[in-house]
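Me: I'd like to go through this fold and check the reasoning behind each label. Could you take it step by step?

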Amino acid sequence: MNNTVIWNIIRFFVLLALQGLFLKRISDGWVTGSLYINIFLYPLFILLLPLQTPRTGVLLLSFLMGIGVDLFYDSLGVHAAALTATGYARALFLSLYEPREGYKLNAKPTPGDLGMNWFLKYSASLMGIHLLVYFSVDAFSPIYILGILLRTFFTFVSSMAAVLIFVFIFMPKR
């Protein structure tokens, strides 16, 4: 196994444990009326996979991470569905935000390799898709569209702040 595979395996388990053991407890405590503010950091695993990861592998890893989070949250596949949709959309956003000169051979989807502006567009797009799918599947009815959009917005803000903190701490620029 090469170094990249080992780091991605470690990242998988660290983010899964962090989400299930720590962030779930914080989210459970931050309830204001009917608006729940969650912090979802686990989609970062899919966002940071190497650019050359095949789509099938991304979808399989998305599903596995989602099922793992579902086990912690006692939900019935909601996280798996949302993260699999995010993994599917990843290729679209990678091609949409591809630099004019293309991606470098061993580039990673991090601010250090592709720049902060690129990373913000990429991570915000995928996090927005993830949260919108998550809350839509969770509500499972268009009647609750206002609640879905409010939850998506507030969770997006807190989750993106957590993603940026995580990236700045564990992936400083070279």
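Me: What pattern do you get reading along the sequence?

Reply: This is a predicted model, and its chain runs α-β-β-α-α-α-α-α-α. That gives seven helices and two strands.

Me: What makes the chain as compact as a globular protein of that length?

Reply: The radius of gyration is 16 Å, and the globule rule gives 16 Å for 174 residues, so the chain counts as compact as a globular protein of that length. Along the principal axes, the C-alpha atoms fill a box of roughly 50 × 30 × 30 Å. As for burial, 42% of the 174 residues count as buried.

Me: How many of the contacts with a separation of 6 or more come from residues 24 or more positions apart?

Reply: Such pairs account for 69% of those contacts.

Me: Now the inside. Which residues touch the most other members of the largest nonpolar core?

Reply: Leu41, Leu44, Met65, Phe119 and Tyr122 do, out of 43 residues in that core. Two or more residues each come from α1 (3–29), α2 (44–47), α3 (55–73), α4 (78–96), α6 (116–139) and α7 (145–170). The most come from α6, which gives eight residues.

Me: What is leucine 44 in contact with, leaving aside neighbours within four places in sequence?

Reply: Its partners are Leu15, Phe119, Val163, Phe166 and Val167. Phe119 is also one of the core members with the most contacts to other members.

Me: Why is tyrosine 73 called buried?

Reply: Buried means under 20% relative accessible area. Tyrosine 73 has 16% relative accessibility, so it counts as buried. The residue lies in helix α3. Beyond four places in sequence, tyrosine 73 touches Gln19, Leu23, Lys24, Phe40 and His79.

Me: How far apart are tyrosine 73 and lysine 24, in sequence and in space?

Reply: They are 49 residues apart in sequence, with 7.4 Å from C-alpha to C-alpha. And lysine 24 is among the residues that tyrosine 73 touches.

Me: Just after that comes aspartate 74. Why is it called exposed?

Reply: The label needs over 50%, and aspartate 74 is at 70% relative accessibility, so exposed is the right word. Aspartate 74 sits in the loop between α3 and α4.

Me: What makes the phi of aspartate 74 worth a look?

Reply: Most residues other than glycine have a negative phi. Aspartate 74 has a phi near 55°, a positive value in a residue other than glycine.

Me: Where is phenylalanine 140, which has a positive phi although it is not a glycine?

Reply: Phenylalanine 140 is in the loop between α6 and α7, and its phi is about 60°.

Me: Phenylalanine 140 and serine 141: how do you know whether each is buried or exposed?

Reply: Take them one at a time. Phenylalanine 140 has 70% relative accessibility, and with the line for exposed drawn at over 50%, it counts as exposed. Serine 141 has 17%, under the 20% cut-off, so serine 141 counts as buried. Serine 141 lies in the loop between α6 and α7, and it touches Ser136 and Ile148, not counting residues up to four places away in sequence.

Me: Why does threonine 110 count as buried?

Reply: Threonine 110 has 9% relative accessibility, which falls under 20%, so it is buried. It is found in the loop between α4 and α5 (111–114). Outside the four-place window in sequence, threonine 110 touches Leu48, Gly115, Phe119 and Met171. Threonine 110 and methionine 127 are 17 residues apart in sequence and 15 Å apart in space, C-alpha to C-alpha.

Me: Last, the second largest pocket. Which residues lie nearest its centre?

Reply: Val5, Asn8, Leu49, Thr53 and Leu61 do, among 14 lining residues. The volume of this pocket is about 240 Å³. At least two lining residues come from each of α1 and α3, and α1 gives the most, with six residues.

Me: How many nonpolar, polar and charged residues are in that lining?

Reply: The split is nine nonpolar, five polar and no charged.

Technical notes:
Residues are numbered from 1 along each chain as its sequence is written. This is a predicted model: local features need pLDDT of at least 70, side-chain atom pairs count only at pLDDT 80 or more; totals for chains, interfaces and linings use all residues. Side-chain values use heavy atoms; hydrogens and water are left out. A nonpolar core is a set of buried Ala, Val, Leu, Ile, Met, Phe, Trp, Tyr and Cys residues joined through side-chain atoms within 4.5 Å. Buried means under 20% relative accessible area, exposed over 50%, partly exposed in between (1.4 Å probe, protein chains only). Helices (H or I, at least four residues) and strands (E, at least two) are DSSP runs, numbered from the N terminus. Contact means heavy atoms within 4.5 Å. On a 1 Å grid over the protein atoms alone, a cavity is a set of points where a 1.4 Å probe fits but cannot get out, and a pocket is an open set with protein on both sides within 12 Å along at least five of seven lines; lining residues have an atom within 4 Å of a point. Grid points are joined across faces, edges and corners, and a volume is the space filled by probe spheres set on the points. Ala, Val, Leu, Ile, Met, Phe, Trp, Tyr, Cys and Pro count as nonpolar, Asp, Glu, Lys and Arg as charged, and the others, Gly among them, as polar. The radius of gyration is taken over C-alpha atoms; the globule rule is 2.2 Å times the number of residues to the power 0.38.
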